[in-house]
Amino acid sequence: MRHHQETATALARVSGWGDFDMGLQLQDIFAKKAVGGENNMVDVLQSHIDVVEEMKVVFDKFFTSTNEMDAANAGDIQIEAPR
């Protein structure tokens, strides 16, 4: 995702739309869609990155807790040997 964010940042430097006012306006519109405008691609990708990072923390806690509980249960089973 960070690679796509860097690519979107590069899209802010749009050229090739000519010197007419309409071309310059389109160039500005597309540049703002990449960076700096409302709901621009860089910010949207950053929000996705933030969510994935938060999910990573949650899953790490979940798996750590699950492994600890599993180890505790296995210890309890060994203490109470089969009858």
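Here are some exercises on a predicted model, each with a worked solution.

**Exercise 1. The ring pair**

Task: Work out how the rings of F62 and F63 are arranged, and find which residues join them in a cluster.

Solution:
- Start with the total: the structure holds 3 aromatic pairs.
- Now take F62 and F63, whose ring centres are 5.1 Å apart. Rings count as a pair if their centres lie within 6.5 Å, so this one passes.
- Next, look at the angle between the planes, which is 70°. Planes over 60 degrees apart count as edge-to-face, so that is the label for F62 and F63.
- Finally, zoom out a bit: ring pairs tie F59, F62 and F63 together as a cluster.

**Exercise 2. Phenylalanines on the surface**

Task: Decide whether F62 is buried, partly exposed or exposed, then find the surface patch that F62 helps to make.

Solution:
- Place the residue before anything else: F62 sits in helix α3, which covers residues 41-79.
- Check its relative accessibility, which is 48%. Buried means under 20% and exposed means over 50%, so F62 lands in between and is partly exposed.
- Do the same for F63: at 48% relative accessibility, F63 counts as partly exposed too.
- Now for the patch. V51, M55, F59, F62 and F63 make a nonpolar surface patch of about 500 Å².

**Exercise 3. A salt bridge in a helix**

Task: Find the two residues whose side chains meet in a salt bridge, and explain how they are placed along helix α2.

Solution:
- You don't have many candidates to sort through, as the structure holds 1 salt bridge.
- The partners are D28 and K32, with 3.2 Å from N to O. The cut-off is 4 Å, so the pair qualifies.
- What's the idea behind it? Side chains of opposite charge can pair when their charged atoms come close.
- Look at the spacing: D28 and K32 are 4 residues apart in helix α2, so about one helical turn separates them.
- Last, check the surroundings. D28 is partly exposed at 38% relative accessible area, and K32 is partly exposed as well, at 44%.

**Exercise 4. Two neighbours in a loop**

Task: N39 and N40 both lie in the loop between α2 and α3. Say which one is buried and which one is exposed, and list the polar contacts of the N40 side chain given by G37 and D43.

Solution:
- Begin with N39, which has a relative accessible area of 65% and is therefore exposed.
- N39 also has a backbone quirk: its phi is positive, about 55°, although N39 is not a glycine. Most residues other than glycine have a negative phi.
- Turn to N40, where the relative accessible area is just 1%, so N40 is buried.
- Look for polar partners. A polar atom of the N40 side chain lies 2.8 Å from the backbone oxygen of G37, and the N40 side chain makes a polar contact of 2.8 Å with the side chain of D43.
- Then set aside neighbours within four places in sequence: N40 is in contact with K32, K33, A34 and V35.
- For contrast, try F20. N40 and F20 are 20 residues apart in sequence, and their C-alpha atoms are 25 Å apart in space.

**Exercise 5. Contacts across the chain**

Task: Work out what surrounds A34 and Q5 once residues up to four places away in sequence are left out.

Solution:
- A34 belongs to helix α2. Its relative accessibility is 4%, so A34 counts as buried.
- The residues that A34 touches are A8, L11, A12, N40, M41 and V42.
- Here's a nice check on how the chain folds back: A34 and T9 are 25 residues apart along the chain, but their C-alpha atoms are separated by 6.3 Å.
- Move to Q5, which lies in helix α1, residues 2-10. With a relative accessible area of 12%, Q5 is buried.
- Q5 touches V42, L45, Q46 and I49.
- One of these, Q46, does a bit extra: a polar contact of 3.0 Å joins the side chains of Q5 and Q46.

Conventions
Residues numbered from 1 in each chain as written. Predicted model: local features only at pLDDT ≥ 70, side-chain atom pairs only at ≥ 80, totals over all residues. Heavy atoms only, no water. Phe/Tyr/Trp six-rings, centres within 6.5 Å; stacked < 30°, edge-to-face > 60°. Buried < 20%, exposed > 50% of the residue type's maximum accessible area, 1.4 Å probe, protein only. Patch = residues over 30% accessible without salt bridge, like charges linked within 9 Å, V, L, I, M, F, W, Y side chains within 5 Å. Areas by Shrake-Rupley, 256 points an atom, 1.4 Å probe, with all protein chains shown as cover. Polar contact = N/O pair within 3.5 Å; in protein donor to acceptor, adjacent residues only side chain to side chain. Contact = heavy atoms within 4.5 Å.
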